[in-house]
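The exercises below ask the reader to work from a set of coordinates towards a description of the fold and its interior. Each task is followed by a solution that proceeds step by step.

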Amino acid sequence: MELGLHVSDFTWPGGAPALAPSLVRVAKDAEAAGFTRLSVMDHFWQIAHLGPPEHEMLEAYTTLGFLAAHTSTITLNTLVTGVTYREPGLLAKAMTTLDVLSGGRAMLGIGAAWNADESAGLGFAFPPTAERFERLEEALQIILQMWSDNDGPYDGKHYQLARTLNSPQALSSPRPRIMVGGSGEKKTLRLVAQYADSCNLFSSPDLPHKLDVLREHCANLSRDYDTIEKTAMTPFELGKDGAGASEMLDRLRTLHDLGFTVATGSLRGPDGPELVAAYGEHVIPEISGW
């Protein structure tokens, strides 16, 4: 089993001048500790359950590009890009650029978007839920086309592209992996089954049911359920001295037994950057053989 590190809080000691060196330290410590993925949110303001909107928030793809220059092995991705924040052609180009400049370490995380407040605040369109899911499906189709040999047009309900040219192409073979985030049973998990390489669910008692729904979508679409990577967000609650390791390992074992192979958690608060190495000491060695 693998661990992913999610950076969702940039309110650290030293303020904005210290963000770059602090982020480099987090990334390097995560790689050294054995984390296999490093992700950021695709938000422009801090989200409500983590802090007020005025707290520091870095733009996702600029941040991932910066992190690519300071790491060498860890996979870089967003959890997850809101489809309404970028035109699909631009998103495919940004992802391809990240993949090329990182040496093939980019992974696309994408979802239907949900933050109406920041969208209105910064002037982004925020259509009704049904339309956002239509746009998400079209975006997935466009991105997959741009990561193929087909550079022809795309004529959808919401997006029209005259030529889906993408040069250079990504280094990842056959293309960067795609994660569709979310647990909606009718639309999100169907999109996972149809287009994605990976799902991302929140750790909760209904996980077995969500996986059954995904399995049913796969059956309906003639998709091999086992080819979809199962990833989950789970609480990271570990002190520097390893306090809480036993409880965390129990949660990870439960996820593993359900079929999850990647668990991702956030480091929150001003002490977050100080804790990365503790996971490499107390948790990652225990799960590496699972």
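For the charge count used in the first exercise, Lys and Arg are taken as positive and Asp and Glu as negative, while His and the chain ends are left out. The model is a predicted one.

**Exercise 1. Describe the chain as a whole, beginning with its charges and ending with its contacts.**

Step 1. With that convention the chain carries 23 positive and 36 negative charges, and the mean positions of the two sets are 4 Å apart.

Step 2. As for secondary structure, the chain contains ten helices and eleven strands. Its radius of gyration is 19 Å, close to the 19 Å that the globule rule gives for 290 residues, so the chain is as compact as a globular protein of that length.

Step 3. Taken along the principal axes, the box filled by the C-alpha atoms is roughly 55 × 45 × 35 Å.

Step 4. Of the 290 residues, 53% are buried, and the accessible surface comes to about 12700 Å², with 54% of it belonging to carbon and sulfur atoms.

Step 5. Among contacts with a separation of 6 or more, 72% are between residues 24 or more positions apart.

**Exercise 2. Place leucine 140 in the structure and decide whether it is buried or exposed.**

Step 1. Leucine 140 belongs to helix 5, which covers residues 129-146.

Step 2. Because its relative accessibility is 0%, leucine 140 counts as buried, the cut-off being under 20%.

Step 3. Leaving aside residues up to four places away in sequence, leucine 140 touches Ile110, Ile178, Val180, Leu191 and Tyr195.

**Exercise 3. Identify which residues touch the most other members of the largest nonpolar core, and which element gives the most to it.**

Step 1. This core has 80 residues, and those touching the most other members are Leu3, Phe35, Leu108, Ile110, Leu252, Tyr279 and Val283. Helix 5 gives the most to this core, namely seven residues.

Step 2. To examine one of these residues, take leucine 108: with residues up to four places away in sequence not counted, its partners include Tyr61, Leu91, Met95, Ile143, Trp147 and Ile178.

**Exercise 4. Explain why helix 6 is described as largely enclosed by the rest of the structure.**

Step 1. Helix 6 spans residues 188-195, and six of its eight residues are buried, so the helix is largely enclosed by the rest of the structure.

Step 2. The buried residues are Thr188, Leu189, Leu191, Val192, Ala193 and Tyr195.

Step 3. These buried residues pack against helix 5, strand 8 (177-181), strand 9 (198-202) and helix 7 (207-220).

Note on methods: Residues are numbered from 1 along each chain as its sequence is written. This is a predicted model: local features need pLDDT of at least 70, side-chain atom pairs count only at pLDDT 80 or more; totals for chains, interfaces and linings use all residues. Side-chain values use heavy atoms; hydrogens and water are left out. Helices (H or I, at least four residues) and strands (E, at least two) are DSSP runs, numbered from the N terminus. The radius of gyration is taken over C-alpha atoms; the globule rule is 2.2 Å times the number of residues to the power 0.38. Buried means under 20% relative accessible area, exposed over 50%, partly exposed in between (1.4 Å probe, protein chains only). Contact means heavy atoms within 4.5 Å. Accessible areas come from the Shrake-Rupley method with a 1.4 Å probe; for residues, only the protein chains shown count as cover. The place of a charge is taken as NZ of Lys, CZ of Arg, CG of Asp or CD of Glu. A nonpolar core is a set of buried Ala, Val, Leu, Ile, Met, Phe, Trp, Tyr and Cys residues joined through side-chain atoms within 4.5 Å.
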